[in-house]
Amino acid sequence: QLQLVESGGGLVQPGGSLRLSCAASGASIDYYIIAWFRQAPGKEREGVSCISRSGDSTVYAHSVKGRFTISRDRAKNTVYLQMNSLKPEDTAVYYCAASLVGAYHSTTLALNDYSFWGQGTQVTVSS
């Protein structure tokens with residue numbers, strides 16, 4: 001059974017950077033599309049970014065494009081989300097998730113496509 005554990009969240013000033021990690025155990029991330037979602041208080045969970053099994057296809061939400069970068073390290077069985085130029089509106093709990101849908105180069109940010117979830121890590125952007 002795949003298990004996902006997020007880390008790297010915290011408090012950062014506007015314009016700062018954080019790198020989130022999603023460490024997988026119980027199975028190889030090679031078999032999954034991996035995504036980052038986030039949920040702010042009072043709002044629905046939204047897709048932030050995802051990366052294909054192949055690692056060469058990525059998708060970003062419009063709100064983070066150009067600021068966030070997703071990557072995967074097969075040797076460490078870990079996926080990262082590098083977040084730069086952070087804004088107060090990026091404040092949320094960030095979740096890592098894994099999906100078995102699609103093919104080798106497929107991507108998806110559809111919430112219902114994801115079966116495995118981490119516990120989340122809080123990111124707060126504030127001065």
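**Exercise 1. The E7–E8 hairpin**

Which residue takes a positive phi in the hairpin of E7 and E8, and how many residues lie between the strands?

*Solution.* Keep in mind that you're working with a predicted model. Start with the pairing: strand E7 (residues 68-73) and E8 run antiparallel and are joined by six bridges. To pin down the register, take Phe68, whose bridge partner in E8 is Met83. Now go to the turn. Four residues sit between the two strands, and Asn77 is the one with a positive phi, near 55 degrees.

**Exercise 2. The other side of E8**

Work out which further strand joins E8, and how covered E8 ends up.

*Solution.* Look at strand E3 (residues 18-25): six bridges link it to E8, and the two run antiparallel. One handy marker is Ser21, which stands opposite Tyr80 in E8. While you're at Tyr80, check its ring: the charged end of Arg19 sits over it, 4.1 Å from the ring centre. As for cover, five of the six residues in E8 (residues 78-83) are buried, so the strand is mostly covered.

**Exercise 3. Following Met83 into the core**

Describe the largest nonpolar core, then place Met83 in it.

*Solution.* First, the head count: this core has 30 residues, and the members that touch the most others are Trp36, Phe68, Leu81, Met83 and Tyr94. Next, ask where the core residues come from. E3, strand E4 (33-39), E5, E7, E8, strand E9 (92-99) and strand E11 (121-125) each chip in at least two. Now zoom in on Met83. Leaving out residues up to four places away in sequence, Met83 touches Gly16, Ser17, Leu18, Leu20, Arg67, Phe68, Tyr94 and Val123. Phe68 in that list is also its bridge partner. Finally, don't miss the second core, which lies apart from this one: it has six residues, including Ile33, Ala35, Phe37 and Ala97.

**Exercise 4. Rings and charges**

Find the aromatic pair of Tyr32 and classify it.

*Solution.* The structure holds five aromatic pairs. In the one you want, Tyr32 meets Phe116 with ring centres 5.7 Å apart and planes at 85 degrees, so call it edge-to-face. Tyr32 belongs to the loop between E3 and E4 while Phe116 is in strand E10 (residues 116-117), so the pair ties together parts 84 residues apart in sequence. Both Tyr32 and Phe116 are buried.

For a second case, try Tyr114 and Trp117: 6.4 Å between centres and 65 degrees between planes, again edge-to-face. Burial splits this pair. Tyr114 has 6% relative accessibility, so it counts as buried, whereas Trp117, at 29%, is partly exposed. Widen the view and you'll see that Tyr114 and Trp117 form one aromatic cluster with Phe37 and Tyr95. Tyr95 also has a charge over its ring: the charged end of Arg45, 3.8 Å from the centre.

**Exercise 5. A serine in a loop**

Is Ser54 buried or exposed, and which residues does Ser54 touch?

*Solution.* Locate it first: Ser54 is in the loop between strand E5 (46-51) and strand E6 (58-60). Its relative accessibility is 14%, and the cut-off for buried is under 20%, so Ser54 counts as buried. For contacts, skip residues up to four places away in sequence; Ser54 then touches Arg74, Tyr104 and His105. Within the skipped stretch, there's a side-chain polar contact with Ser52, at 2.8 Å. Last step, a distance check: Ser54 and Ile33 are 21 residues apart in sequence, and their C-alpha atoms are 8.8 Å apart.

Key
Residues numbered from 1 in each chain as written. Predicted model: local features only at pLDDT ≥ 70, side-chain atom pairs only at ≥ 80, totals over all residues. Heavy atoms only, no water. Buried < 20%, exposed > 50% of the residue type's maximum accessible area, 1.4 Å probe, protein only. Contact = heavy atoms within 4.5 Å. Polar contact = N/O pair within 3.5 Å; in protein donor to acceptor, adjacent residues only side chain to side chain. Pairing = 2+ DSSP bridges. Core = buried A, V, L, I, M, F, W, Y, C linked by side-chain atoms within 4.5 Å. Phe/Tyr/Trp six-rings, centres within 6.5 Å; stacked < 30°, edge-to-face > 60°. Lys NZ or Arg CZ within 6 Å of the ring centre and 35° of its normal.
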